[in-house]
Amino acid sequence: MNEVDSQQIQKLYIAYFGRPADPNGINYWLAYAKKGFDLKNIALEFSNQDEYLKFVIVNREIDYQINQLYLNLFGRKVDFQGLQYWLSYLRKDKYNISDMVFDLILLLTKKSKNNFGVTGKDLKVFENKLHAADLFTQELSLSLVWVDLYIPESTDPWLEGNALTSGINFLNKINIDHKVTLEDVRISLGKISLIPIETKNQPVIKMKNISLTIPIYPSENKNFSSLITKGMFKHVTGGKLRNLNRKTIIEALSNVNLTVMNGERIALIGHNGSGKTSFLKLISGIYKPTNGSLKIDVNVYPMLQKTFLTSTELSGFDAAKAHYLLMNNCLDGFDIFMKDIIQFSGLGAFITLPIKTYSEGMCARLIFSILTSIRHECLAIDEGFGTGDAAFFEKAEKRMQSFIDSAGTLFLASHSEQLLRQFCTRGIVFSQGFIVYDGVLDAALNYYHTHDYSQLNVVK
Amino acid sequence: MLLNNIRFAFKTRRAWWYTATSRTRARFARTTLGSFWLGFSNLLSILTLGLVYGTVFKVENLRSYFVYLGIGLILWNSISSSISNAPYLFSHNSSNIRNMNLNPLFYTFEEWAFQVQTFFQSFILVFFVLSLIEKTILFNFIFNSWIPLLNFIIFIYWFPVLICLISVRFTDVAQLIPIVLQLVFLTSPILYKKESLGDISWITNFNFIYKILDPLRLSIIDGYVYYSQTLILLFMNLIGLLFSFWLLKIESKKLPFLV
């Protein structure tokens, strides 16, 4: 089985689509390879992609497909002898266009003894194209704005759109003499239209080299924590533990660099103790960063745990009123707010009884109803924020959907893929306090499951 | 900083005042007399202590001793309650501090409102009973006690906040507080007159809780206010207030990790 790396995926993008790969695409295919698929299988999958079937070949004859592959790879049409050569193969049973691509890629990786009529000049052109495509993808991965922009106009039906066409035009210009520079890449990226993310061009959170350390104060753990920080025990969860000036600290977040646009729906993915909740608390203003610069231009509302502002000796009504006063500073409209809470939570007359008499599910119903009754600019939700029993769950799900829809920006930390897919489009993967992946949700989830991202990969 | 904090206090005033009121209601939720107990329990203490110590100290004018003891005790109880509750202020709100992005000032204002509400609820009943004994105290209170009362109310905000911030860092302080308060009570002229201390009456000069309590008691009982001393006290109180705000701002960064 051939080991698949990001450069081989890049070659497939060039061969099939004639454009540089997007970082999320590379991650997607690397994750796919991790499931046990080799390069030959992936080449076959590429030939079944909508971008290839509905944009590149569009039911055209096989000789057109061969020509297109040559144009994409070598910047020239296939010569007569070459065409005959490939046609003779393709007329055989069990040999199709993906096998041809696979064979060509092996040749270009210099692993094939047969040259298939490919000349030294062709190889040079291809090297230039591959170099240009790598530069393009690397530059693209440095900005989430570009990553968001470099997408098709539509996937169903497939419409290539301005952004991907810019990528095609960029590679089309590459020839034997044209060794592309970073400046050329930036000019091409600049041509990508901003229209698709019109509403996502206003940064609301900017983080630069943010780190967060959590000091451990209890002195009774002094001896034990020193053992831990000396490495006597290995931990698979949580941030790094270390000793600083005789104090034990946890490095909850390290070197976090991030820009979040208004309206983004972000999933926070990672193991327990990877830094998701610390991140939520940081953007909510509960924690302050230890180092780095943090600029937040939006009111982030945390929904982390089921806690009330008032004593549990008091009624649900009192808890709702205290919350309403805190949010609005007055009681205008409180009656409507209260009616909504009573109706939605289903607590009825229980609303006048002390909270301590409620079951856990009733508490969950009440707090969920209170917190989702008011619109917020930006939400930071932790998965621990439950919704009570199954009967309430369906109601809560609908309410949550409209609540989130009405919010500008969303951060959702959860281990439930279903939940993340329902609400989010961008995924950030945390590991031991570091952001190890940031991109489209599918790719982020794939990354999380595979952890396959070596130094060879494109996103840096 | 002062202005920002006052702005925050004003903006959220209804919420913290309401949660403070709720705490009082929660405290007496199962009782028949409700918050009436606040004044009633104080009256019982005054009556008992007045009879016992009036006899022990061979007080000649028991009526004026009751007024002296009653006013002193009610002021002391409020100060003492504010200080003894202080070490646990943030730990009682730890879940909210760790999960809500609410300025910690909110909890300090709520606690202060709770103490102020408790003070006035007990003070009104005690004062009403004492004014039946000594009618002039009503007149004195209305016309002379404003600045000493202001000093008292500011003090029961900033000093407990300071204790609270120290206790959250040095947890042993919480254990010391009841002992120190007991010593301060016994060395303060509340059960007895200052003159009874004789040669050691100078110790009251270093007793800053007494320095807050005495001018207010004096203004109510005798209708006398040492304005220069009271204004210096007000100035010191404002410095204390600013210092507590500053310290809270510094410590609030670490607060979620400390509680």
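These are my notebook entries on a predicted model with chains A and B.

**Entry 1. Confidence**

I began with the scores, since the model is a prediction. The model has an ipTM of 0.81 and a pTM of 0.68. For chain A I noted a mean pLDDT of 80, with 84% of the residues at 70 or above. Chain B has a mean pLDDT of 90, and 100% of its residues reach 70 or more.

I then went through the elements. In chain A, helix 12 (residues 222–229) has the lowest confidence, with a mean of 54, and helix 13 (residues 276–284) has the highest, at 92. In chain B, the lowest mean pLDDT belongs to helix 1 (residues 2–11), at 84, and the highest to helix 9 (residues 146–169), at 94.

Two stretches of chain A I marked for caution. Residues 193–199 of chain A stay under 50 in pLDDT, and the model gives them 10 contacts beyond four places in sequence. Residues 452–460 of chain A are also below 50, with 19 contacts in the model beyond near neighbours in sequence.

**Entry 2. Chain A overall**

I counted the elements of chain A and recorded 19 helices and 12 strands. Of its 460 residues, 43% are buried. I also looked up how far apart in sequence the contacting residues lie. Taking contacts between residues at least 6 apart in chain A, 72% join residues at least 24 apart.

**Entry 3. The nonpolar cores**

Which residues touch the most other members of the largest nonpolar core? I found A:V101, A:L268, A:F411, A:L412 and A:A444, in a core of 101 residues. Helix 7 (residues 97–108) of chain A gives the most to this core, namely 8 residues. Leaving out residues up to four places away in sequence, I listed A:L12, A:A15, A:Y16, A:A43 and A:L69 as touched by A:V101. Another core, of 78 residues, lies apart from it, and B:A20, B:I137, B:F155 and B:L255 are among its members.

**Entry 4. Strand 10 and its sheet**

I turned next to strand 10 (residues 409–413) of chain A, where 5 of 5 residues are buried. In a regular strand, side chains alternate between the two faces of the sheet. In strand 10 of chain A, I saw A:T409, A:F411 and A:A413 pointing one way and A:L410 and A:L412 the other, and all of them are buried.

Strand 10 of chain A has partners in strands 6 and 9 of chain A. Strand 6 (residues 265–270) runs parallel to strand 10 and is joined to it by 4 bridges. Along that pairing, A:R265 stands opposite A:L410, and A:L268 stands opposite A:A413. Strand 9 (residues 378–382) of chain A also pairs with strand 10 in the parallel sense, over 5 bridges. There, A:L379 has A:L410 as its bridge partner.

I then traced the whole sheet of chain A. It is open, with 6 strands in the order 8-9-10-6-11-12 and mixed pairing. Strand 8 (300–303) and strand 12 (434–440) of chain A each have a single partner strand, so one side of each lacks a neighbour in the sheet. Neighbouring strands of this sheet are turned by 20 degrees against each other on average, direction ignored.

**Entry 5. Where the chains meet**

How many residues does each chain bring to the contact? I recorded 24 residues from chain A and 22 residues from chain B. On the side of chain A that touches chain B, strand 3 (203–216) and helix 14 (316–328) each supply at least two residues. Helix 14 of chain A gives the most to this side, with 5 residues. By class, I noted 13 nonpolar, 7 polar and 4 charged residues on the side of chain A that touches chain B.

**Entry 6. A residue of chain B**

Lastly I looked up B:K211, which lies in helix 11 (residues 208–221) of chain B. How is B:K211 placed with respect to burial, and why? I counted 17 other C-beta atoms within 10 Å, so B:K211 is partly exposed; a buried residue would need 20 or more, and an exposed one would have 12 or fewer. The C-alpha atoms of B:K211 and B:S188 are 9.7 Å apart in space, while the two residues are 23 apart in sequence.

Technical notes: Residues are numbered from 1 along each chain as its sequence is written. Chains are lettered from A and ligands numbered from 1 in the order in which they are written. Two residues are in contact if their C-beta atoms, placed from the backbone, lie within 7 Å. A nonpolar core is a set of buried Ala, Val, Leu, Ile, Met, Phe, Trp, Tyr and Cys residues joined through C-beta atoms within 7 Å. Ala, Val, Leu, Ile, Met, Phe, Trp, Tyr, Cys and Pro count as nonpolar, Asp, Glu, Lys and Arg as charged, and the others, Gly among them, as polar. Two strands pair if DSSP finds at least two bridges between them. Axes are lines fitted to C-alpha atoms, for helices over the stretch in contact, and angles run from 0 to 180 degrees between N-to-C directions. pLDDT is the predictor's confidence in each residue, from 0 to 100.
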